[in-house]
Amino acid sequence: PEWCKGLHPAFFRDDVLMLAGNIADSIPRLRFALTVLRSKFRRVFFIPGNLDLWVRKATLGSIIRGEKVRSEDREFVDSLAKFLQVLKVCDELGVETAPAEVANGVFILPLFSWYSRDFIPRETRRQRASHTDADAKVTIDQWIKWPFP
């Protein structure tokens with residue numbers, strides 16, 4: 001989110017920004033980025049992505065690697081709980097997450113949607129995958145915690 005500070009303070013004041021998620025993996029970082037962007041644009045719309053809904057926890061590996069990970073697993077029971085907190089932060093900052101008209105006849109229609117390879121049964125993935133990636137493990141969403149199996 002640090003890159004946000006580099007945007008010109010007045011150049012985008014009449015513009016609408018649509019953020020398509022994956023801004024930050026923690027609420028404090030997300031709040032920082034949205035606060036800065038909200039100060040630079042007339043209107044900001046945001047749709048959280050999977051990264052924004054990660055429920056991270058510090059692990060021995062992350063500590064050894066020197067990563068600054070804030071454990072959120074006690075704060076959020078799952079990613080839907082974090083989603084509700086993200087929406088609350090957006091509301092507090094004036095960042096829009098609902099459909100709205102931005103110009104005469106021009107609308108922004110945010111759509112909340114996420115993916116997970118676990119939404120598709122393993123056997124189906126195997127049938128549709130190429131030989132080389134049938135058993136590939138995708139770890140990009142290892143910190144997403146959906147409240148269902």
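## Strand β2 and its neighbour

Let's start with strand β2, which covers residues 43-46. Its side chains split two ways: Arg43 and Phe45 point to one side, while Val44 and Phe46 point to the other. Whichever way they face, all of them are buried. Keep in mind as you look around that this is a predicted model.

β2 has a partner in strand β1, made of residues 16-19. The two run in the parallel sense and are joined over four bridges. One place to spot the pairing is Leu19, whose bridge partner in β2 is Phe46. To get from β1 to β2, the chain passes through helix α1 (residues 27-40), and this β-α-β crossover is right-handed.

## A greasy spot on the surface

Now for the outside. Phe119, Ile120 and Phe148 make up a nonpolar patch on the surface, and together they have about 280 Å² of accessible area.

Phe148 sits in the segment that follows α4, the helix at 122-128. Is Phe148 buried or exposed, or somewhere in between? Its relative accessibility is 41%, so Phe148 counts as partly exposed, since that class lies between the 20% and 50% cut-offs.

## Cysteines without disulfides

How many disulfides turn up in a search of the whole structure? The count is zero.

Two cysteines are worth finding while you're here. Cys4 has a relative accessible area of 0%, so Cys4 is buried. Cys90 also counts as buried, because its relative accessibility is 0%. For both, the cut-off that matters is 20%, as buried means under that value.

Terms used:
Residues are numbered from 1 along each chain as its sequence is written. This is a predicted model: local features need pLDDT of at least 70, side-chain atom pairs count only at pLDDT 80 or more; totals for chains, interfaces and linings use all residues. Side-chain values use heavy atoms; hydrogens and water are left out. Patches are made of residues with over 30% relative accessible area and no salt bridge: like charges are joined within 9 Å, nonpolar side chains (Val, Leu, Ile, Met, Phe, Trp, Tyr) within 5 Å. Accessible areas come from the Shrake-Rupley method with a 1.4 Å probe; for residues, only the protein chains shown count as cover. A salt bridge is a side-chain nitrogen of Lys or Arg within 4 Å of a carboxyl oxygen of Asp or Glu. Buried means under 20% relative accessible area, exposed over 50%, partly exposed in between (1.4 Å probe, protein chains only). Two strands pair if DSSP finds at least two bridges between them. A crossover is right-handed if, with the strands pointing away from the viewer, the path from the first strand over the helix to the second runs clockwise. A disulfide is a pair of cysteine sulfur atoms within 2.5 Å.
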